[in-house]
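Here's a fold to look over, with a few labels that deserve some explaining. Let's ask where each one comes from.

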Amino acid sequence: MAFVIENLANVVLSATLTRIAHCMVSVGETRTSAAHHQAIVMQHLATVVPGVVQSMIVRVAIAGKKWRTAAAPTRKITLWEHTSGCCREENGLLYCMFFVPSEVNYMLLGFADDPSQTGNFEVFSMWVSMGITYDSIASDKAANPGRKYMISIGGSADSGGMFGIAGGMSVSQWVDNADNSISSIVNSYNADGVDIQFEGGTSDPDFSTAITLLAQRFKARGFLVSVGPFRGYDGTWNDYISLPLNDVDYVFCQFYAKNLQSVDSVVSDITSAANDLGSWSKLIAGFNSNNRNPNPSTALQAVYQLKSSLKGTFTWSAEDSQSNSPPYCIEKNSANILNNNQQPGSCNW
């Protein structure tokens, strides 16, 4: 199936949503501040789940990737953003995910986690109160032809993203449960695939077998599948690339965990990652839009140098990208570089 959007050939763009309110949004003909929407969100959440509003960090992630292919894709750009809200209220529901640029075609909803470590995954409880439903996603897809949604499982190790299998349970039992529970979530939310992003427990001896089998199950169901490792420090890179990856469509690698500060160091690290994978075909390079090096100018210069090989880029996070100067400049510059061979323009945190 081919998607033709805005005359950009073979594009993948991505975005994620996760915290509540740091941007300006349009409501009808008026501009309403983030503070106003923050107040609405906090009041609503306090009503729905008393006691939950203790911090401005609300764990909702929507990731997106814009995927446009002709026949065989030759160029893809991925922009993965993690955004904070920018909610609007309509008919008593808060809509918190539909403010990313129209270029974004894949949205990752995160995170679904496995608190019992039995493979019975649960979605983040605030999705419904934020207007994230089957119908709202269907409406968003209709408004943005080609946009797809994926369910992101895991997340940061200290927020439910620790892989593990409960004592007394076999790997096959865990995989059966995970396949059933996650597939049910995918179907319940009108999603198109699964992003596997455990950032803890990946050294568990059962990790490789369990995730390999799970990816096989998802591909057999016709789902898109991605993984999200990071390089540097106590990174998960080696644990993920030791997987077969035959059933993985994209490897979203975070290149902002090593404090890379020069163009040469970014080019070198991305090239090293591609060499580890044995190919550039699945690698999507991830950068940060909120003061984690490499800075936007350095990242974009590296993308320009690698434009003939690089599959795409993603950006963490959308709420921060919205506040960049100009807004979403990492994403838009990446698109211009990789699709139009343009020199990067101005872009600052």
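Q: What makes the side chain of Ser-181 and the backbone nitrogen of Phe-121 a polar contact?
A: In this predicted model, a polar atom of the Ser-181 side chain sits 3.1 Å from the backbone nitrogen of Phe-121. The cut-off for a polar contact is within 3.5 Å, so the pair qualifies.

Q: Where is Ser-181, and what does it touch?
A: Ser-181 is in helix H3, residues 171–188. Leaving out residues up to four places away in sequence, Ser-181 touches Gly-119, Asn-120 and Phe-121.

Q: Why is Ser-181 called buried?
A: Its relative accessibility is 13%. Buried means under 20%, so Ser-181 counts as buried.

Q: How do you know whether Asn-190 is buried or exposed?
A: Same kind of check: Asn-190 has 18% relative accessibility, and the limit for buried is under 20%, so Asn-190 is buried. You'll find Asn-190 in the loop between H3 and strand E10 (193–198). Beyond its neighbours within four places in sequence, Asn-190 is in contact with Tyr-134, Ile-137, Ala-138 and Lys-141.

Q: Why is Gly-235 called partly exposed?
A: Gly-235 has a relative accessible area of 29%. Partly exposed covers what lies between the buried limit of 20% and the exposed limit of 50%, so that label fits Gly-235. Gly-235 belongs to the loop between strand E11 (224–227) and helix H5 (237–241).

Q: What makes H6 and H7 oblique to each other?
A: The axes of H6 (residues 263–277) and H7 (residues 296–305) cross at roughly 55 degrees. Roughly parallel needs an angle under 35 degrees, and roughly perpendicular runs from 65 to 115. An angle of roughly 55 degrees fits neither range, so H6 and H7 are oblique. Their axes come within 9 Å, and H6 passes H7 in a right-handed crossing.

Q: Which residues meet where H6 and H7 touch?
A: From H6 there are Val-263, Val-266 and Val-267, and from H7 there are Thr-298, Gln-301, Ala-302 and Gln-305. By class, that contact has 4 nonpolar, 3 polar and no charged residues.

Q: Why is H7 described as roughly parallel to H9?
A: H7 packs against H9 (residues 329–340) at about 15 degrees, with the axes 10 Å apart. Angles under 35 degrees count as roughly parallel, so that's the name for this pair. The H7 side of the contact includes Leu-300 and Val-303, and the H9 side includes Ile-330 and Ile-337. The contact of H7 with H9 has 8 nonpolar, 2 polar and no charged residues.

Q: What makes Tyr-328 and Asn-259 worth a second look?
A: Most residues other than glycine have a negative phi. Tyr-328 isn't a glycine, yet its phi is positive, about 55 degrees. Asn-259 isn't a glycine either, and its phi is also positive at about 55 degrees.

Q: How do you know which of these two is buried?
A: Tyr-328 has 8% relative accessibility, and buried means under 20%, so Tyr-328 is buried. Asn-259 has a relative accessible area of 41%, which falls between the 20% and 50% limits, so Asn-259 is partly exposed.

Key:
Residues are numbered from 1 along each chain as its sequence is written. This is a predicted model: local features need pLDDT of at least 70, side-chain atom pairs count only at pLDDT 80 or more; totals for chains, interfaces and linings use all residues. Side-chain values use heavy atoms; hydrogens and water are left out. Helices (H or I, at least four residues) and strands (E, at least two) are DSSP runs, numbered from the N terminus. Buried means under 20% relative accessible area, exposed over 50%, partly exposed in between (1.4 Å probe, protein chains only). A polar contact is a pair of N or O atoms within 3.5 Å; within protein, one must be able to donate a hydrogen and the other to accept it, and residues adjacent in sequence count only if both atoms are side-chain atoms. Contact means heavy atoms within 4.5 Å. Axes are lines fitted to C-alpha atoms, for helices over the stretch in contact, and angles run from 0 to 180 degrees between N-to-C directions. Angles under 35 degrees count as roughly parallel, over 145 as roughly antiparallel, 65 to 115 as roughly perpendicular and the rest as oblique. A crossing is left-handed if the near helix is turned anticlockwise from the far one by less than a right angle, and right-handed if clockwise. Ala, Val, Leu, Ile, Met, Phe, Trp, Tyr, Cys and Pro count as nonpolar, Asp, Glu, Lys and Arg as charged, and the others, Gly among them, as polar.
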